[in-house]
Amino acid sequence: MDNQKEIQINTYAVTTPTLKVEDVLAHVRLIDQVKKSVMKENVHYGKVPGTKKDSLYKPGSDKLLIVFRIRAEHQIEDLSTDGEYRVRVTSNGFHIGNGNPVGQGVGECSSAEEKYKWRVAICDEEYDSTPENLRRIKFAKDKDGDVYQVKQIRTQIADTRNTVVKMAIKRADAALALAISGASDIFDQDTDDPDFTPANQQSTATKRKPEGPYGLFVIVGVSRKEGSTNGRGWTRFTINAENAETKEKMSFGTISQKLGEEAEGMKGTGAIAEIVWEKTKYGNDLKSIKQAPPEQKDPQPANPTPQQGNLDDEIESAFPRH
């Protein structure tokens, strides 16, 4: 029986007509046009730090399966062990027109993965009341490179079961979509899209409190005073600022050349500065200063929605219904 199967497979491989170069080029152009005309960045795909190619998100893999007229049937295998919920999903693809199998993709997910194993503590009381072996302090860096701490506690496995299954299906469908479309040279599949990041991990982590008073200010003036002590020269900067919220006027001092020049660079620009200072007997000693990130605005579409006629015709010609 095994020999008969092998003969059938070999016969199929020999008798199946190979694609011409023109067909391959048309296939590549089709995928590229689908990406440009149908998909949206950060919705269907997106750039993940540390990767060279765009990562395919679940909505993107769904679009590819629609384009190639593929329906997916899922087989879920429970691989759980004590203290871990893990599943493997096989996504079997079938052509919608004739029902023939066209390929499959496999994906796994586990409750022991970092983003599902831990969640942010709701409050200090919840963290303190959690046993030590089920809680931790995680250190991380924000986009500005500042270090902050996050108090986390272990997630209940039951709370992640549905997410684990959905994530495994997403990974299997993405593998299937890339396998049948040949789009792996355009998209990555090994990274997870943000839609499946647990809500408790998406919430803004409580940053470590600055070591001193903190506020948002507009720099209105910077002055310098030079002198020397024991033969060593110094420059003291005095920064005059206005609180961006209360309009309170305040002054800060520093002998740090770096902090002083940063303040001078923001003087008169209207930029909002994040300032941390320490109250001393000499006044407000400047500890750190940096420009606050600008407020994010919803991006406006650069181009109108493209016409779908040509794309539909190309899909129809490349993948006719049977």
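Which residue lies over the face of Y85? R161 does, at 4.1 Å from the ring centre. This is a predicted model. A second charge sits in a like arrangement: K35 lies over the face of Y45, at 5.0 Å from the ring centre.

K35 and Y45 lead on to F187. F187 touches both of them, along with M39, K53, D54, L56 and L178, leaving aside residues up to four places away in sequence. F187 also belongs to the largest nonpolar core, which has 18 residues. Together with L64 and F68, F187 has the most contacts inside that core. Three helices give two or more residues each: α2 (21-37), α3 (58-67) and α6 (161-181). The largest share comes from α6, with 4 residues. In soluble globular proteins, nonpolar side chains tend to be buried together.

Helix α3 deserves a closer look. Its buried residues are G60, S61, L64, L65 and V67. Viewed down the axis of α3, they fall within an arc of 160°, so they line one face of the helix. An α-helix has 3.6 residues a turn, so residues three or four places apart point the same way. L64, buried in α3, is one of the residues with the most contacts in the largest core. After α3 comes R69, where phi is positive, near 55°.

Now turn to the other core. A second, separate core holds 16 residues, including A241, F252, A263 and W277. Two of these residues, F252 and W277, also take part in a ring cluster with F217.

The structure holds 3 aromatic pairs. In one of them, F217 meets F252 edge-to-face, with 5.3 Å from centre to centre and 80° between the planes. F217 lies in strand β10 (residues 214-229) and F252 in strand β12 (residues 249-254), so this pair ties together parts 35 residues apart in sequence. Are these rings buried or exposed? F217 counts as buried because its relative accessibility is 0%. F252 is buried too, with a relative accessible area of 1%.

F217 has another partner. Its ring and that of W277 have centres 5.7 Å apart and planes at 75°, so this pair is also edge-to-face. Here the link spans 60 residues, from F217 in strand β10 to W277 in strand β13 (residues 272-280). W277 is buried, at 7% relative accessible area. F217 thus appears in both pairs, and the ring pairs join F217, F252 and W277 into a cluster.

Helix α8 (residues 257-266) packs against this region. Its buried residues include A263, which is also a member of the second core. L259, G260 and M266 are buried in α8 as well. What do the buried residues of α8 pack against? Their neighbours are β10, β11 (232-243), β12, β13 and β14 (283-291). The strands that carry the ring cluster are among them: F217 is in β10 and F252 in β12, and W277 is in β13.

The two sides of α8 can be told apart. Seen down the axis of α8, the buried residues fall within an arc of 125°, so they line one face of the helix. The face turned away from that buried side carries the exposed residues K258 and G265. Past the end of the helix, α8 is followed by G268, with a positive phi near 75°.

Note on methods
Residues are numbered from 1 along each chain as its sequence is written. This is a predicted model: local features need pLDDT of at least 70, side-chain atom pairs count only at pLDDT 80 or more; totals for chains, interfaces and linings use all residues. Side-chain values use heavy atoms; hydrogens and water are left out. Rings of Phe, Tyr and Trp (its six-membered ring) pair if their centres lie within 6.5 Å; planes under 30 degrees apart count as stacked, over 60 as edge-to-face and the rest as tilted. Buried means under 20% relative accessible area, exposed over 50%, partly exposed in between (1.4 Å probe, protein chains only). A charge sits over a ring if NZ of Lys or CZ of Arg is within 6 Å of the ring centre and within 35 degrees of the ring normal. A nonpolar core is a set of buried Ala, Val, Leu, Ile, Met, Phe, Trp, Tyr and Cys residues joined through side-chain atoms within 4.5 Å. Contact means heavy atoms within 4.5 Å. The arc is that of the directions from the helix axis to the C-beta atoms.
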